[in-house]
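Let's take a stroll through a protein model, one part at a time. Keep the picture open while you read, and try to find each spot as it comes up.

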Amino acid sequence: MSAPSARPRTPADDGWAILAPPPGERDLSRDAYWLASGRRSQRRRNAPRRSALVRHGGGRASIALAAVALAGTVASGPIGDAQAATSSSAGLRPGDSGPRVKALQRALRVTADGAFGPATKRAVKAFQRAHGLEAKGVVGPLTAKALGLTGAKARSAPAATPAPAGTGTGAAAAVAAASAKIGSSYAAGATGPNAFDCSGLVQYAFKQAGISLPRSSFAQYGAGTRVAAGDIQAGDLVFFNTNGPGASHDAVAISPTTALSATSHGVMGHPINSGYWGSHFLGARRVGQMS
C-alpha cells in the first residue's frame with residue numbers, strides 16, 4: 001500500500017504536523033496514516049521539551065525579548081559582594097585553597113597556608129566591616145578590589161590594605177605584627193599570642209618590633225610624642241575614650257584613616273575619624289624608630 005501523498009508545508013503548519021491530504025481527502029482506513037501518526041507521537045516523546053515562551057510566543061523574537069528583559073532585571077538591581085563571589089569563578093570562599101587563597105591571606109596579613117579556613121574567614125569579615133563592605137566572609141570583586149588583589153574588577157571601593165608605614169622601620173614592623181593577628185579573639189588582660197585586650201595587642205605588636213611600651217592604654221597615651229589627627233600615619237598609636245573619660249581604648253594605625261585594635265569582637269580593622277570610632281577619638285601618639 002502506498003504512503004499518503006504529502007501536501008506542501010505552510011508557515012502555519014505545526015512543527016509536528018503530519019503532512020497528508022486534508023480531512024475529506026484521506027482514507028483513514030489506510031494503515032499508512034496510523035503508522036505516520038505513531039511515528040509522530042514517538043518523535044514528540046523523544047524530543048526535548050520546548051519552553052512555554054517558545055511554544056506560545058513562538059520564535060526567535062520572543063527569545064530575544066526575554067533575554068533583554070532578563071538582562072534589564074539583573075542590571076537594575078545591584079549584586080552584593082557575597083552574591084558576586086558565589087556566582088563568579090573569581091570569588092573566594094571558605095573551603096577554597098591554593099595560590100589565590102595564599103595571596104588573599106598575605107593581603108590580610110594572616111598565616112598564608114593556602115587554605116580558606118575559619119581564621120581567614122574571620123580576617124575577611126573584619127576587613128569588610130572596617131571598609132564598609134558586606135561582612136559575609138567571602139571575597140567578591142569589591143573586597144578583592146579593596147584588598148588590592150591582582151586582576152580584581154569592581155566598582156569604586158574604599159581604600160585598600162595598610163599603606164607602608166612612614167614612621168620608620170620599627171613602626172612598620174609593629175604594623176605587620178598587629179595585622180598578622182587579625183581575627184584573633186578578645187580577652188580582658190590578655191597580651192597574646194592568641195588573644196588580646198586593646199593595650200595588650202599594642203604592646204605585643206611593638207614588642208615584636210623591638211619597642212617597649214607600658215601595659216595599659218592610659219600609660220601608653222603618655223608614650224612618644226603627640227600627633228595631630230590630620231597627620232596620623234601607619235604605625236602611630238591612636239586612642240579613644242570608649243569606656244569613660246581618658247584613653248580607655250587604643251589601637252595601631254595602619255593608614256591615615258584606619259586602625260587595628262582588639263575589640264570585643266576580636267582583633268579587627270576600623271575607622272579612626274568616622275562613625276562610632278570618630279565620635280570617641282581622643283588623640284594619637286608617635287613612638288618607635290624614625291627614618
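Start with aspartate 236, which is buried, with a relative accessible area of 0%. Keep in mind that you are looking at a predicted model. Which residue does aspartate 236 form a salt bridge with? The partner is arginine 286, and the closest N and O atoms of the two are 2.8 Å apart. This pair links distant parts of the chain, 50 residues apart. Arginine 286 belongs to strand S8 (residues 281-286), while aspartate 236 sits in the loop between strand S3 (225-227) and strand S4 (237-240). Arginine 286 counts as buried too, at 16% relative accessibility, because the cut-off for buried is under 20%.

**The salt bridges**

How many salt bridges does the structure hold? There are 3, and here they are side by side.

| Arginine | Aspartate | N to O distance |
|---|---|---|
| arginine 93 | aspartate 96 | 3.8 Å |
| arginine 215 | aspartate 197 | 2.9 Å |
| arginine 286 | aspartate 236 | 2.8 Å |

Take the pair in the top row. Arginine 93 is partly exposed, with a relative accessible area of 25%, and aspartate 96 is partly exposed as well, at 21%.

Now for the middle row, where the side chains of aspartate 197 and arginine 215 meet. These two also link distant parts of the chain, with their positions 18 residues apart in the numbering: they are 18 residues apart. You'll find aspartate 197 in the loop between strand S2 (195-196) and helix H9 (198-208), and arginine 215 in the loop between H9 and helix H10 (217-220). Is each one buried or partly exposed? Aspartate 197 is buried, with a relative accessible area of 10%, whereas arginine 215 is partly exposed, at 30%.

**The sheet**

Next up is the sheet. It is an open one made by 6 strands, in the order S3-S8-S4-S5-S6-S7, and the pairing is antiparallel. Which strands stand at the edges? They are S3 and strand S7 (266-271): each has a single partner strand, so one side of each is left without a neighbour in the sheet. From one strand to the next, the twist averages 35°.

Let's zoom in on where S5, S6 and S7 come together. Strand S5 (residues 249-253) runs antiparallel to S6, and 2 bridges join them. In one of these pairings, valine 252 has leucine 260 of S6 as its bridge partner. Alanine 253 is likewise matched with alanine 259 in S6. A hairpin takes the chain from S5 to S6 through 4 residues. S6 and S7 form a hairpin as well, with 2 residues between them, and these two strands pair in the antiparallel sense over 6 bridges.

**A closer look at S6**

How many of the residues of S6 are buried? The count is 6 of 6, so to speak a strand that is mostly covered. Thr258, Leu260 and Ala262 point one way from the strand, Ala259, Ser261 and Thr263 point the other way, and all are buried.

Pick out threonine 258, which is found in strand S6 (residues 258-263). Threonine 258 is buried, with a relative accessible area of 11%. Its bridge partner in S7 is proline 271. Leaving aside residues up to four places away in sequence, threonine 258 touches Ala253, His270 and Ile272.

**The helix on the sheet**

Where does H9 pack? This helix lies against the sheet, touching S4, S5, S6 and S7, and its direction makes about 35° with that of S5. H9 is mostly covered, with 8 of its 11 residues buried. The buried ones are Cys198, Ser199, Gly200, Leu201, Val202, Tyr204, Ala205 and Phe206. After H9 comes glycine 210, whose phi is positive, near 80°.

**One last spot**

Finally, go back along the chain to the loop between strand S1 (185-186) and S2, where you'll find proline 193. What kind of peptide bond joins glycine 192 and proline 193? It is a cis peptide bond, with omega at about 5°.

Technical notes. Residues numbered from 1 in each chain as written. Predicted model: local features only at pLDDT ≥ 70, side-chain atom pairs only at ≥ 80, totals over all residues. Heavy atoms only, no water. Salt bridge = Lys/Arg side-chain N within 4 Å of Asp/Glu carboxyl O. Buried < 20%, exposed > 50% of the residue type's maximum accessible area, 1.4 Å probe, protein only. Contact = heavy atoms within 4.5 Å. Pairing = 2+ DSSP bridges. Axes fitted to C-alpha atoms, helices over the stretch in contact; angles between N-to-C directions.
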